[in-house]
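Notebook open, model loaded. I want to look up a few loops, one helix and a pocket.

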Amino acid sequence: MKILMVCLGNICRSPLAEGILQSKLPESFTVDSAGTIDMHAGKAPDLRSIQTGKLYNIDISAQQSRPFTTNDFEEYDYIFCMDRSNLADVLSLAKSDSDRKKVSLILGDAEVPDPYWGGLEDFDKVYHMLDKAANTIASKLTAEVEKQL
């Protein structure tokens with residue numbers, strides 16, 4: 001099973017979400033992240049995201065930003081967006097109902113705020129929001145896989 005996390009630049013929220021969720025799932029799951037813009041393509045996550053992850057034993061330092069592409073609909077089973085703007089951008093690229101059904105907000109009806117313009121405390125708040133969401137997602141996905149066995 002493959003899961004994609006999406007935010008704006010793929011340097012703050014989605015890299016943390018990727019690292020957190022991957023730490024909660026068996027190795028048979030693949031978790032990746034992307035951004036709706038390509039401004040940071042090839043760059044490492046924001047240092048504050050890396051620092052925040054390290055506080056909780058999540059190493060995201062080797063990740064590299066990349067833009068979301070239409071091929072991601074074919075590649076991934078689930079696509080989780082951080083906010084409504086990201087959601088709208090991703091859905092605007094969907095070619096079918098099948099594509100659209102894969103996409104949702106990671107927090108259900110709520111948004112993960114972008115900590116980019118804030119301080120470490122904002123990154124920590126985002127970490128805890130994503131950690132809680134990742135617990136829910138990991139439980140759901142592992143149960144789904146166990147049902148198929």
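Before the first entry, the cut-off I need: a residue is buried when its relative accessible area is under 20%, and exposed when that area is over 50%. I also note that this is a predicted model.

**Entry 1: N10.** I looked up N10 first and found it in the loop between β1 and α1. Its relative accessibility is 2%, so N10 counts as buried. I then checked the backbone: N10 is not a glycine, yet its phi is positive, at about 60°. I jotted down the background too: most residues other than glycine have a negative phi.

**Entry 2: N57.** Next I went to N57, in the loop between α2 and α3. Here as well I read a positive phi, near 60°, in a residue other than glycine. Is N57 buried or exposed? N57 has a relative accessible area of 72%, so I put it down as exposed.

**Entry 3: D46.** I found D46 in the loop between β2 (30-35) and α2 (47-55). I had to ask whether to call this aspartate buried or exposed. At 12% relative accessibility D46 goes down as buried, because the cut-off is under 20%. Which residues does D46 touch, leaving aside neighbours within four places in sequence? I listed I11, C12, Y116 and F123 as its contacts.

**Entry 4: helix α4.** I moved on to α4, which covers residues 84-91. Its buried residues are N86, L87 and V90. Looking down the axis of α4, I see these buried residues fall within an arc of 100°, so they line one face of the helix. A reminder to myself: an α-helix has 3.6 residues a turn, so residues three or four places apart point the same way. What covers the buried residues of α4? My list includes the strands β1 (2-7), β3 (78-81) and β4 (103-105), along with the helices α1 (13-24) and α3 (71-75). At the N-terminal end of α4 I noted a cap from D83. One of the side-chain oxygens of D83 lies 3.1 Å from the backbone nitrogen of S85.

**Entry 5: the pocket.** Last, I looked up the largest pocket and wrote down a volume of about 170 Å³. It is lined by 13 residues, and the closest to its centre are L8, G9, H40, D114 and Y116. I sorted the lining by class and got eight nonpolar, three polar and two charged residues. Y116 turns up twice in my notes: close to the pocket centre and among the contacts of D46.

Notes
Residues are numbered from 1 along each chain as its sequence is written. This is a predicted model: local features need pLDDT of at least 70, side-chain atom pairs count only at pLDDT 80 or more; totals for chains, interfaces and linings use all residues. Side-chain values use heavy atoms; hydrogens and water are left out. On a 1 Å grid over the protein atoms alone, a cavity is a set of points where a 1.4 Å probe fits but cannot get out, and a pocket is an open set with protein on both sides within 12 Å along at least five of seven lines; lining residues have an atom within 4 Å of a point. Grid points are joined across faces, edges and corners, and a volume is the space filled by probe spheres set on the points. Ala, Val, Leu, Ile, Met, Phe, Trp, Tyr, Cys and Pro count as nonpolar, Asp, Glu, Lys and Arg as charged, and the others, Gly among them, as polar. Buried means under 20% relative accessible area, exposed over 50%, partly exposed in between (1.4 Å probe, protein chains only). Helices (H or I, at least four residues) and strands (E, at least two) are DSSP runs, numbered from the N terminus. The arc is that of the directions from the helix axis to the C-beta atoms. Contact means heavy atoms within 4.5 Å. A polar contact is a pair of N or O atoms within 3.5 Å; within protein, one must be able to donate a hydrogen and the other to accept it, and residues adjacent in sequence count only if both atoms are side-chain atoms.
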